[in-house]
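Work through the exercises below with the sequence and the structure open. Try each task before reading its solution.

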Amino acid sequence: MKDFLFKPFEEMTEKDYETVGFKSGLEIHQQLLTSKKLFCRCPAGKYSERYDAEILRHMRPTLSELGEYDGTALMEFKTKKDIIYRINRDTVCTYEMDDTPPFLINDEALDIALECGLLFDCSIVDELHIARKQYLDGSIPTGFQRTAIFALDGKIPYKNRTIDIVQMSIEEDSCREVSDYGHTRVYLTDRLGMPLIETVTGPNMRTPFEAAEVAEICANVVRSTNKVRRGIGSAREDVNVSVDGGTRVEIKGVPKIGRIPLLTYNEAMRQWNLLRLREELHKRGITKDTFEAKWDDVTRIVKRAHYQPIANAIEQGFKVKCVLLKKYAGLLHWQTQTDTYFSKEISDRVRIIACLTNIPNIIHSDSKGENITSAEWRNIKHAVGATDDDTMVLVWGNEIDTDTAVKEIIIRAKEATIGVPSETRQALRDGTNGFERILPGPDRMYPDTDLPPTRITNERLKILSPNLPEKFWISEEWYKQLGIPKDTMRELSISKFAKLFKRAVVEWKLDPVMIAVALIQFPKRLKKMKLDISLISVDMMEEILHAYKEGLLSRSGILIAMEKSIKKGKFYPELLPRPLTSKELDDIIVQTKQEIDKIKFSNTEKRNEVIIGFTMNKVRMNIEGNTVREKILFKS
Amino acid sequence: MVEDYKGYRGKALATLKNFNAQVWSDVEIKTTKGIYKGIILPRSETADPFHIVIKLRVGYNIGVAADSVTDIKIEGRKEAHYKIPEKDFPRDPSKPNVKLLGTGGTIASRLDYRTGAVIPAFSPGELYGSVPELANFCNLDTEKLYGVFSENMGPEQWIGTAKAIGREIEKGVDGIVVGHGTDTMHHTAAILSFMVQNSPVPIVMVGSQRSSDRPSSDAALNLMHSVKTAAESDIAEVMVCMFGPTSDYYGLLHRGTRVRKMHSSYRSTFRTIGDIPIAKVSRDEIIPLRQDYKRRRKDHNVKINTSFEEKVSIVYYYPNMQPDIIESLIDNDYKGIVIAGTGLGHVNKPLYPALKRAHEKGIAIYMTVQTLWGFVQMYVYDTGRDMMELGVIPAANMLPEVAYMKLCWALGQTSNPQKLKDIMLTPIAGEITEREPSNGYLIYQGGLPEVEEFIAKYVK
């Protein structure tokens, strides 16, 4: 028996994760910042819930290139969903609707992808082959995603080891799900076809926290190109988790890196507990060969039940079926995740595969009470011939769906005798996860016969290489030596200004801390003033810093120049103040003093401070505060 | 052997031979860039000679530059066997018998490594394996007549198909489905409408706009609709059965002589021109949209007339057309010309002498309209009258492709101009209609509020 029991999340130690053999790898999806989509000329990044029309599709599994069916595809086919796509003409053309063949791959997107591949020290493939990766859930109207591996075998340093970047692919994004109820699933198509890259790491992370940290590093590598999209939904992680004796399970679509630790903890716990469940089953003498289950229609027995879901089903003329799991007594209440039990694994399958989406969709004899009466349970028990060692699961719905449900309940219960099924699981808000589909394998790949292979020449890479950003961890080492404040360091290292910073410090010999603050913190201040800081371009900052270097601007003048440039839309030399002579400054000070004379001061020491302040207001942009201060204090 | 290195040539072929690495070898390829493990796949013959394609363990394919390869270690072999599980079609004596004749096309297809494109693979047992729903409608027998893309269909195939249909009807089948590539499906539908006359059973042509190797293919649903029509409908005509809307919703049954492919890639590409379709078909029901169709009969009588003259051409007129176009047809012994003229049926004056010469040489010339919708009317303008003087015969509202097919067929029967004209202008299968209903021309323009309202309301 596996002795170790999972502790609450906060109490788990590195040692504990080592004990269970925690392993995690990542698949990081990042949308690229292009003007158009990947395989058509629709605008990228325009989202709207408005739609002009709807189309209806069904998906059927097809054979892979090597002539095999994919397990996920067959599972999805069992669900028999009506899939509705909402079409907004501004963001979708006949390509996304699968009524027009693809156009050639967007070169802008491919170049950005290649840059990312080079940053991860990958070897870039010589020839790009676009594949169709089947998705029968309907998230893509074609039933497949066009995707291609462009880079392999990269690495990034982490702690005192390296994390493998196994492969990178460029692919089109899928639809956004609106709803999934019964046999109808609805999708919005605006995101469909947006270019994104998927970066796959090796299973090198040993704790949930390492998984999150590495996700952060990978995200920052691609962000440092400043050619990827930011904001909600533009980056999503799939996290693979396994424990010793477990199976690789994919937690899909984690929207925030911060959620990775708890999600991976729960998945590790789930796998561990499923393995313990298997041990318990074996102890009871239940293996995949001795497993026994049967089912019966019990509608008649519960037709007067007061339990609302069943009463409703009866009223609608639905069936109630009972699955008897031999010697499973108590096991549906076996804990899998935090506050989650094995019954949830079964309920999930029933919900997704049999499309019985009203929860609760099952009840079982391992947690009686608050549903049907003990008398009714007794009658069912008698009718199906159950003993105290068995578990009964009730499911209700129409004939066809309950048939599917019965089969799925038996399949899932039996899988418990084998171990952890290979699944794709959905990240839930509370940090646990739920079944989404069977984990797809290589059999869902098929070459895209609509598009020719694309050669990636060395010349193309040679043009991209010199413009790559510095790796951010290398920059940060240098920033540390320069004494750049901690809160500015990371932002600067992946910022579009990183190269300008290096130039200003190395070539122009400007004060690193001041320049870092100007490049990173000043825009934030301007944002607070409700200015559109997206207008601050690298060129704009280069001209402003150059003016500073030439003595045409004071330190405080930089911020003012930025403000004025934003308002004008770009930097103009005319924005710079006219240089002041020493005589002119003296005149201004004299004039300011005269103004001040009208004010009475209780404390004369404050008088000078006020004069400095008033003078600075007039000359802030081109004279440093120290100069003014010295002049006033010295003269007075 | 070429098969061992399928599709490879030049540097890539030399490299593979050097390491004795044939296609389907499970290999570890060492290159100057790194090591790749996977299966060597055949290469498309149209792709360049510099790369070797391997399928990585994860299922993705990549191309490896042959000149970067330093070693290939062969670890095994895994050849693809692309085969849809074949299953015996269940027999039910209470169900009608339907014969599916295959000519090719994307209704059933598989990957072709020679070109990298999909090629037709029409194995009947596979159909049940992939579309088991077909057994709900009928007992299905299948016969592969040809395996060609629709652009490669020609007289040999048309005649062969017509004869095969005749044989099946005589044997007492309850309905016929013809699997066909979509590009020229309307040509074949037209010629079959003429060659197969007085059929007692439905003859349904079907194809798909998305090949059946795609999960969202329209093939399965089209097949179900067509088989249902062949088995159950009382419409004993040659029809085309393809998607009504682009959605997986219902199909339309178009009369074989009034149908045309109108979009290069849409699923709902086939439209009835100048009239309304015969019926709407879903998995559950067939709803006639009109009543003037030929009804199913219990007898096994059918007239097959496979006459065909190959020396016939369509001339799609354009302004500035030179007479030498017509001259070359005359000089090459063409027997018939169908003109797709502008507007009501016009060509420019410089062509007149050539047309006159053609007529004098006994070449039959029929006028149709390139607007597709509407009738030829050569009385409205003098130019029309002039042309009729030259011997150009207006072909009413026959679609150009249909007129072409009919002229081939008619010339196969007679060269007598008057007899020819009788055959051409006497409608046999709805190719000429007496009147055009106002809902026979509906091309709504997007952007108009009322059209947008309609689109928003109904499944597209």
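Buried area is the accessible area that two parts lose on being put together, taken with a 1.4 Å probe and summed over both. The model used here is a predicted one.

**Exercise 1. Describe the contact between domain 2 and domain 3 of chain B.**

Solution.

Step 1: locate the parts. Chain B is divided into domain 1 (2-77), domain 2 (97-304) and domain 3 (312-425). The C-alpha centres of domain 2 of chain B and domain 3 of chain B are 31 Å apart. Domain 2 of chain B puts 15 residues into the contact, and domain 3 of chain B puts in nine residues.

Step 2: size the interface. Interface size is often given as the accessible area lost when the parts come together. Domain 2 of chain B and domain 3 of chain B bury about 1300 Å² between them. Of that area, 74% is on carbon and sulfur atoms.

Step 3: list the polar links. The rule finds one salt bridge across the interface of domain 2 of chain B and domain 3 of chain B. B:R260 forms a salt bridge with B:E401, with the closest N and O atoms 2.7 Å apart. Two residue pairs are in polar contact between domain 2 of chain B and domain 3 of chain B, counting pairs with both residues at pLDDT 80 or more.

Step 4: find the elements on the domain 2 side. On the side of domain 2 of chain B that touches domain 3 of chain B, α4 (185-195) and β15 (259-261) of chain B are the elements that give two or more residues. α4(B) gives the most to this side, with six residues. The residues of this side divide into eight nonpolar, five polar and two charged.

**Exercise 2. Is B:E28 buried or exposed, and which residue does its side chain meet in a salt bridge?**

Solution.

Step 1: find the partner. The side chains of B:E28 and B:K37 meet in a salt bridge, at 3.8 Å from N to O.

Step 2: apply the cut-off. Buried means under 20% relative accessible area. B:E28 has 12% relative accessibility, so B:E28 counts as buried. B:K37, at 41%, counts as partly exposed.

Step 3: turn to chain A. A:D16 forms a salt bridge with A:K7, and the closest N and O atoms are 2.8 Å apart. A:D16 is buried, at 7% relative accessibility. A:K7 is partly exposed, with a relative accessible area of 29%.

**Exercise 3. Which parts of chain A does the pair A:R555 and A:D511 tie together?**

Solution.

Step 1: check the pair. A:R555 and A:D511 meet through their side chains in a salt bridge of 3.4 Å, N to O.

Step 2: place each residue. A:R555 lies in helix α16 (residues 555-568) of chain A. A:D511 lies in the loop between α13 (498-506) and α14 (512-528) of chain A. The pair therefore ties together parts that are 44 residues apart in sequence.

Step 3: read the exposure. A:R555 is partly exposed, with a relative accessible area of 37%. A:D511, at 32% relative accessibility, also counts as partly exposed.

**Exercise 4. How many salt bridges are found over all chains?**

Solution.

Step 1: take the total. A search of the whole structure finds 89 salt bridges over all chains.

Step 2: look for linked ones. A network of salt bridges links A:R57, A:D98, A:D99, A:R132, A:R146, A:D448, A:D450, B:R210, B:R214 and B:R267.

Terms used:
Residues numbered from 1 in each chain as written. Chains lettered and ligands numbered in written order. Predicted model: local features only at pLDDT ≥ 70, side-chain atom pairs only at ≥ 80, totals over all residues. Heavy atoms only, no water. Domains from an automatic or database assignment. Contact = heavy atoms within 4.5 Å. Salt bridge = Lys/Arg side-chain N within 4 Å of Asp/Glu carboxyl O. Polar contact = N/O pair within 3.5 Å; in protein donor to acceptor, adjacent residues only side chain to side chain. Helix = DSSP H or I, 4+ residues; strand = E, 2+ residues; numbered from the N terminus. Nonpolar A, V, L, I, M, F, W, Y, C, P; charged D, E, K, R; others polar. Buried < 20%, exposed > 50% of the residue type's maximum accessible area, 1.4 Å probe, protein only.
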